[in-house]
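Me: I have just opened this entry and would like a guided look at its helices. Could we go through them step by step?

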Amino acid sequence: ALGEDHPDVATTYHNMGGVYDRQGKDEIALELYVKGLAIRIKALGEDHPDVATTYHNMGGVYDRQGKDEIALELYVKGLAIRIKAL
């Protein structure tokens, strides 16, 4: 068993969030992204590229909602991690 805090569990939450994201079910998508993000940060650390991907995808949800400030904040967080990590 992988356990609740395993990175593969985080990836599954992230992927489920992506499905709801594409369906326009923003609230559910964000809940799942946040759940996956918490596990990714705990298991992989703040500066891991997978954390950046989750920030980017969450930014996309807020971007689509017209919540520009939140979207930009998340995009910038993700970009900073990618610049540092890659």
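What follows is a conversation about the helices and a few of their residues.

Reply: Certainly; please keep in mind that the model is predicted.

Me: Let us start with α1. How many residues does it have, and what span should they cover?

Reply: Helix α1 covers residues 7-22, which makes 16 residues. At 1.5 Å a residue they should span 22 Å, and the end C-alpha atoms are 23 Å apart, so the two values agree.

Me: Which residues of α1 are buried?

Reply: They are V9, A10, Y13, H14, G17, G18 and D21.

Me: And what covers them?

Reply: The cover over the buried residues of α1 includes α2 and α3.

Me: What about P7, buried or partly exposed?

Reply: P7, which belongs to helix α1, counts as partly exposed because its relative accessibility is 25%.

Me: Which residues does P7 touch further along the chain?

Reply: Once residues up to four places away in sequence are set aside, P7 touches A43 and L44. In the case of A43, the C-alpha atoms lie 6.3 Å apart in space, although 36 residues separate the pair in sequence.

Me: What comes just after α1?

Reply: G24 is found there, with a positive phi of about 80°.

Me: Next, α2. What span should it have?

Reply: The 19 residues of α2 should span 27 Å at 1.5 Å a residue. The C-alpha atoms at its ends are 25 Å apart, which agrees.

Me: Which of its residues are buried, and what covers them?

Reply: The buried residues of α2 are D26, A29, L30, L32, Y33, G36, L37, I39 and R40. Among the elements covering them are α1 and α3.

Me: Is A38 buried or partly exposed?

Reply: A38 sits in helix α2 and is partly exposed, since its relative accessible area is 47%. Its C-alpha atom is separated by 8.9 Å from that of D5, a residue 33 positions away along the chain.

Me: Which residue follows α2?

Reply: α2 is followed by G45, and the phi of G45 is positive, near 95°.

Me: Now to the pairs. How do α2 and α3 cross?

Reply: The axes of helix α2 (residues 26-44) and helix α3 (residues 49-64) come within 9 Å and cross at roughly 160°. The two helices are therefore roughly antiparallel to each other. Their crossing is left-handed.

Me: Which residues meet there?

Reply: From α2 the residues are D26, L30, Y33, V34, L37, R40, I41 and L44. From α3 they are D50, V51, T54, Y55, N57, M58, V61, Y62 and R64. By class, this contact of α2 with α3 has eleven nonpolar, two polar and four charged residues.

Me: T54 appears in that list. Why is it called buried?

Reply: T54 is called buried because its relative accessible area is 0%. This residue is located in helix α3. Apart from neighbours within four places in sequence, T54 is in contact with H14, Y33, L37 and R40.

Me: Where do those contacts sit in what we covered?

Reply: H14 is one of the buried residues of α1, while Y33, L37 and R40 are among the buried residues of α2.

Me: Let us move on to α4. How does it cross α3?

Reply: The axes of α3 and helix α4 (residues 68-85) come within 8 Å and cross at roughly 160°. That makes α3 roughly antiparallel to α4. The crossing in which α3 passes α4 is left-handed.

Me: Which residues are involved?

Reply: α3 contributes P49, V51, A52, T53, Y55, H56, M58, G59, G60, Y62 and D63. α4 contributes D68, I70, A71, L74, Y75, K77, G78, I81, R82 and A85. The residues of this contact of α3 with α4 divide into twelve nonpolar, five polar and four charged.

Me: One last residue, R82. Which residues does it touch?

Reply: R82, a residue of helix α4, touches A52, T53 and H56, leaving out residues up to four places away in sequence. Its relative accessibility is 29%, so R82 counts as partly exposed.

Me: And how far is it from V51?

Reply: The C-alpha atoms of R82 and V51 are separated by 9.3 Å, with their positions 31 residues apart along the chain.

Conventions. Residues numbered from 1 in each chain as written. Predicted model: local features only at pLDDT ≥ 70, side-chain atom pairs only at ≥ 80, totals over all residues. Heavy atoms only, no water. Axes fitted to C-alpha atoms, helices over the stretch in contact; angles between N-to-C directions. Helix = DSSP H or I, 4+ residues; strand = E, 2+ residues; numbered from the N terminus. Parallel < 35°, antiparallel > 145°, perpendicular 65-115°, else oblique. Left-handed = near helix turned anticlockwise from the far one by under 90°. Contact = heavy atoms within 4.5 Å. Nonpolar A, V, L, I, M, F, W, Y, C, P; charged D, E, K, R; others polar. Expected span 1.5 Å × (residues − 1). Buried < 20%, exposed > 50% of the residue type's maximum accessible area, 1.4 Å probe, protein only.
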